[in-house]
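Please open the structure in your viewer and keep the selection tool at hand. The stops below go from one part to the next, saying what to select and what is found there.

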Amino acid sequence: MKFIELSRFSESEILDVHNEAFSDYEVPMEIPIDSFKYLNLRRGVRYDLSLGAVDGENLVGFILNAVDNWEGKLTAYDCGTGVIPNYRQKGLGNQIFTHLLPLLKAENIEQYLLEVIQTNIAAYNLYKKRDFQITRAFDCLLADVKEVKSKFQDKEESNLTKGYNIRDITNLNWNKVKKYWDYSPSWQNSDLSIQRVPNSFHYLGAFLKDKLVGYMVYEPSGGITQIAVELNHRNQNIGTEFIKNLIEKVPEIEKLNIINIDKRDTALLNLFSKIGFKSFTTQYEMILKM
Ligand SMILES: CC(C)(COP(=O)(O)OP(=O)(O)OC[C@H]1O[C@@H](n2cnc3c(N)ncnc32)[C@H](O)[C@@H]1OP(=O)(O)O)[C@@H](O)C(=O)NCCC(=O)NCCS
């Protein structure tokens with residue numbers, strides 16, 4: 001078995017192994033090449049700091065990493081670890097980590113971050129074995145747009161408080177809106193990820209007169225990436241109105257999703273549950289201090 005930088009493979013070769021490794025995964029993961037390229041761009045993948053396990057000529061496993069500054073520390077983010085079914089439980093996942101860590105340390109990377117579905121025992125055990133520690137627990141929600149619409153029709157009281165208005169915005173002052181956060185978003189929902197592919201998102205602002213008091217960033221395909229309202233302006237139905245606005249703007253979408261809501265964020269979880277979102281999986285965020 002050889003361990004080779006993923007920069008030596010094409011994205012479609014890596015995707016084939018990715019799709020095979022995730023073929024029996026809890027959440028459907030078979031993705032087309034364009035989505036794979038987009039996700040890797042958004043997450044900031046560094047193929048030169050990612051490794052494949054190669055048997056003869058065949059790529060049979062991989063760890064795909066991104067690198068950036070994360071909460072003040074140069075951080076590697078594991079965008080995906082996969083070993084194809086016939087090669088599992090032979091120590092390969094573990095060996096890829098063993099070969100990767102010196103490469104990451106040589107780049108002065110201070111910590112290694114990842115997310116894992118809580119019920120994915122194989123992956124969770126692998127990360128525990130490598131000394132990753134749980135930092136946060138996340139909920140991931142999905143909604144049927146029809147159901148969300150019917151909830152809105154039932155509830156007259158879910159109207160935006162008078163004086164506030166919602167409109168499209170073209171750019172965000174990140175330093176300003178970060179003050180609305182109760183906690184930092186996960187890696188792929190972070191401002192860094194958004195700013196790598198800024199045109200893939202729509203931005204909504206909530207205003208009181210002309211003062212911005214909240215915002216939502218979403219993908220036109222129905223993924224809600226960030227949503228926050230300034231503390232003094234909460235409970236005015238701004239969050240609900242953002243979702244109404246999204247549905248009006250992209251009427252063709254059938255499903256909405258939001259991944260990686262901090263489990264402690266009961267306000268956001270309640271808001272989404274009230275309008276018809278349901279949990280489809282839960283994840284741990286884990287960090288290895290290097
Ligand atoms: C997770 C995955 C990459 C592990 O790869 P692997 O090469 O089979 O793992 P290893 O053989 O190196 O095992 C290392 C450790 O992981 C854990 N582990 C691996 N498979 C396991 C299983 N089926 N059940 C429980 N623990 C398991 C064990 O702690 C193991 O150490 P041990 O052998 O000393 O007990 C592989 O199962 C996989 O590709 N799964 C599908 C994709 C996926 O879920 N990726 C993670 C999310 S991004």
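In what order do the strands of the open sheet of four strands stand, and with what pairing? The order is β7-β8-β9-β10, and the pairing is antiparallel. Two strands are taken as paired if DSSP finds at least two bridges between them, and the names of elements refer to DSSP runs numbered from the N terminus, helices being H or I runs of at least four residues and strands E runs of at least two.

Before going on, note that this is a predicted model, in which local features need pLDDT of at least 70 and side-chain atom pairs count only at pLDDT 80 or more, while totals for chains, interfaces and linings use all residues. Residues are numbered from 1 along each chain as its sequence is written.

**First stop: the sheet of four strands**

Select residues 164-168 and 224-229, which are β7 and β10, the edge strands of this sheet, each pairing on one side only. Neighbouring strands here are turned by 20° against each other on average, direction ignored; such angles are taken between axes, which are lines fitted to C-alpha atoms (for helices over the stretch in contact), and run from 0 to 180 degrees between N-to-C directions. Now add residues 202-208, strand β8, which pairs with β7 in the antiparallel sense over five bridges. Within this pair, look for Ile166, which stands opposite Ala206 in β8.

**Second stop: the sheet of eight strands**

Moving to the other open sheet, follow its eight strands in the order β1-β2-β3-β4-β5-β12-β6-β11, where the pairing is mixed. At the edges are β1 (2-5) and β11 (255-262), and because each has a single partner strand, one side of each is left without a neighbour in the sheet. The twist from one strand to the next averages 25°.

Select β12 next, together with the strands that pair with it. Strand β6 (residues 133-144) runs antiparallel to β12 and is joined to it by nine bridges; Ala137 has Tyr284 of β12 as its bridge partner, and Leu142 stands opposite Lys278 of β12. β5 also runs antiparallel to β12, with seven bridges between them, and here Glu115 is partnered by Glu285.

**Third stop: the nonpolar cores**

A nonpolar core is a set of buried Ala, Val, Leu, Ile, Met, Phe, Trp, Tyr and Cys residues joined through C-beta atoms within 7 Å. A residue counts as buried if 20 or more other C-beta atoms lie within 10 Å of its own, as exposed if 12 or fewer do, and as partly exposed in between, with C-beta atoms placed from the backbone.

Select Val17, Phe62, Ile63, Tyr77, Leu114 and Met286, which have the most contacts inside the largest nonpolar core, a set of 33 residues. Elements giving two or more residues to this core include α1 (11-21), β2 (51-55) and β5 (111-117), while the largest share, six residues, comes from β3. A second, separate core has 30 residues, among them Phe138, Val148, Ile227 and Leu256.

**Fourth stop: around the ligand**

Which residues come nearest to the ligand? Of the 22 residues around the ligand, those are Arg88, Gly93, Ala122, Asn125 and Leu126, a residue being near a molecule if its C-beta atom, placed from the backbone, lies within 6 Å of it. Select β4 (73-83), α3 (92-106) and α4 (121-129), each of which supplies at least two residues of this shell; α4 gives the most, with six residues.

**Last stop: three single residues**

Select Asn260 in strand β11, which has a positive phi of about 65° although it is not a glycine. Is Asn260 buried or exposed? Asn260 counts as buried, because 20 C-beta neighbours lie inside 10 Å.

Asn237 also has a positive phi, near 70°, in a residue other than glycine. Asn237 lies in the loop between β10 and α8 (238-249) and is partly exposed, with 19 other C-beta atoms within 10 Å.

Finish with Leu231, placed in the loop between β10 and α8 and exposed, with 10 other C-beta atoms within 10 Å. Add Tyr180 to the selection: the C-alpha atoms of Leu231 and Tyr180 are separated by 6.5 Å, although the two residues are 51 residues apart along the chain.
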